[in-house]
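Trainee: Got a minute to go through this model with me? I'd like to quiz you while we both have it on screen.

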Amino acid sequence: MALVMYWYPKCGTCRKAKKFFEEHGVAVTEKHIVETPPSKAELADLVKKSGLPIQKFFNTSGQKYRELGLSKKLKEMSDDEKLDLLASDGMLIKRPIVTDGEKVTVGFKEEQFKEMWV
């Protein structure tokens, strides 16, 4: 499977990831995370394949996250409720999310991208 990157074009971190792929000649299918957010099932699969706790998929620096007071609310929520919340609004999802169908990265760290995607 080709690489898929869920991203938000106005996000500086996402633009860095896109530039990284362009500079390394890696083809990526871009999916706008707000216009076409991953479904609950897709998110569950991404979380499972990433090996990360579901909390790592929340955009904790986002305005929506703060407005909803999620730093306090997430502790009481089940994983199922967290997935519902993430699937309801792409702005709540940390980005970019990159996957090849087997591996998943969340956010952009150049060293991690070199190891995983180049």
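**Salt bridges, helix faces and a cysteine pair**

Mentor: Let's start with Lys64: at 35% relative accessibility, that residue counts as partly exposed. Keep in mind that this is a predicted model.

Trainee: Okay, which residue does Lys64 meet in a salt bridge?

Mentor: Look for a carboxylate next to the Lys64 nitrogen; the N to O distance is 2.9 Å. The partner sits in the loop between helix H5 (79–88) and E3, while Lys64 is in helix H3 (residues 63–67), so the pair ties together parts that are 25 residues apart in sequence. The partner is buried, with a relative accessible area of 15%. That residue is Asp89.

Trainee: And how many salt bridges does the count come to?

Mentor: In general, side chains of opposite charge can pair when their charged atoms come close. Here the cut-off is 4 Å between a side-chain nitrogen of Lys or Arg and a carboxyl oxygen of Asp or Glu. By that rule the count comes to 10.

Trainee: Let's take one inside a helix. How far apart are the closest N and O atoms of Glu110 and Lys114?

Mentor: Both residues lie in helix H6 (residues 110–117), 4 residues apart, about one turn of the helix. Glu110 is partly exposed at 40% relative accessibility, and Lys114 is partly exposed too, at 36%. Their closest N and O atoms are 3.6 Å apart.

Trainee: Which residues are joined into one network by salt bridges that share partners?

Mentor: Trace the bridges that have a partner in common, and you end up with one lysine and two aspartates. The network is Lys40, Asp80 and Asp84.

Trainee: On to Thr99. Is Thr99 buried or exposed?

Mentor: Thr99 belongs to strand E3 (residues 97–99). Leaving aside neighbours within four places in sequence, Thr99 is in contact with Ala2, Leu3, Val4, Leu46, Val104 and Trp117. The relative accessible area of Thr99 is 7%, and the cut-off is under 20%, so Thr99 counts as buried.

Trainee: What backbone oxygen does the side chain of Thr99 reach?

Mentor: The distance is 2.9 Å. The residue that supplies the oxygen also has a side chain in a salt bridge with Asp100 (3.4 Å, N to O). With a relative accessible area of 33%, that residue is partly exposed, whereas Asp100 counts as buried at 17%. The oxygen belongs to Lys103.

Trainee: Now helix H1. Within what arc do the buried residues of H1 fall?

Mentor: H1 (residues 12–23) has 12 residues and reaches 16 Å from its first C-alpha to its last, close to the 16 Å expected. Cys14, Ala17, Phe20 and Phe21 are buried in H1, while Lys16, Glu22 and Glu23 are exposed on the other side. Seen down the axis, the buried residues line one face of the helix, because they fall within an arc of 115°.

Trainee: What do those buried residues of H1 pack against?

Mentor: Follow that face outward and look for heavy atoms within 4.5 Å. You meet strands as well as a helix. The partners are strand E1 (3–7), strand E2 (28–32), E3 and H6.

Trainee: Same game for H5: which helices do its buried residues pack against?

Mentor: The buried residues of H5 are Lys82, Leu83, Leu85 and Leu86. They fall within an arc of 160° seen down the axis of H5, so they line one face of the helix. Their packing partners are helix H2 (40–50) and helix H4 (70–73).

Trainee: Cys11 and Cys14 caught my eye. How many disulfides does a search of the whole structure find?

Mentor: Cys11 is buried, with a relative accessible area of 11%, and Cys14 is buried at 0%. The sulfur of Cys11 is 3.3 Å from that of Cys14, its closest cysteine sulfur, and that is too far for a bond, because the cut-off is 2.5 Å. Searching the whole structure gives 0 disulfides.

Trainee: Last one: how far apart in space are Tyr8 and Lys94, C-alpha to C-alpha?

Mentor: Tyr8 lies in the loop between E1 and H1 and counts as buried at 18% relative accessibility. Among its contacts beyond four places in sequence are Cys14, His32, Met91 and Arg95. Tyr8 and Lys94 are 86 residues apart in sequence, but in space their C-alpha atoms are 9.9 Å apart.

Note on methods:
Residues are numbered from 1 along each chain as its sequence is written. This is a predicted model: local features need pLDDT of at least 70, side-chain atom pairs count only at pLDDT 80 or more; totals for chains, interfaces and linings use all residues. Side-chain values use heavy atoms; hydrogens and water are left out. Helices (H or I, at least four residues) and strands (E, at least two) are DSSP runs, numbered from the N terminus. Buried means under 20% relative accessible area, exposed over 50%, partly exposed in between (1.4 Å probe, protein chains only). A polar contact is a pair of N or O atoms within 3.5 Å; within protein, one must be able to donate a hydrogen and the other to accept it, and residues adjacent in sequence count only if both atoms are side-chain atoms. The expected span of a helix is 1.5 Å times one less than its number of residues. The arc is that of the directions from the helix axis to the C-beta atoms.
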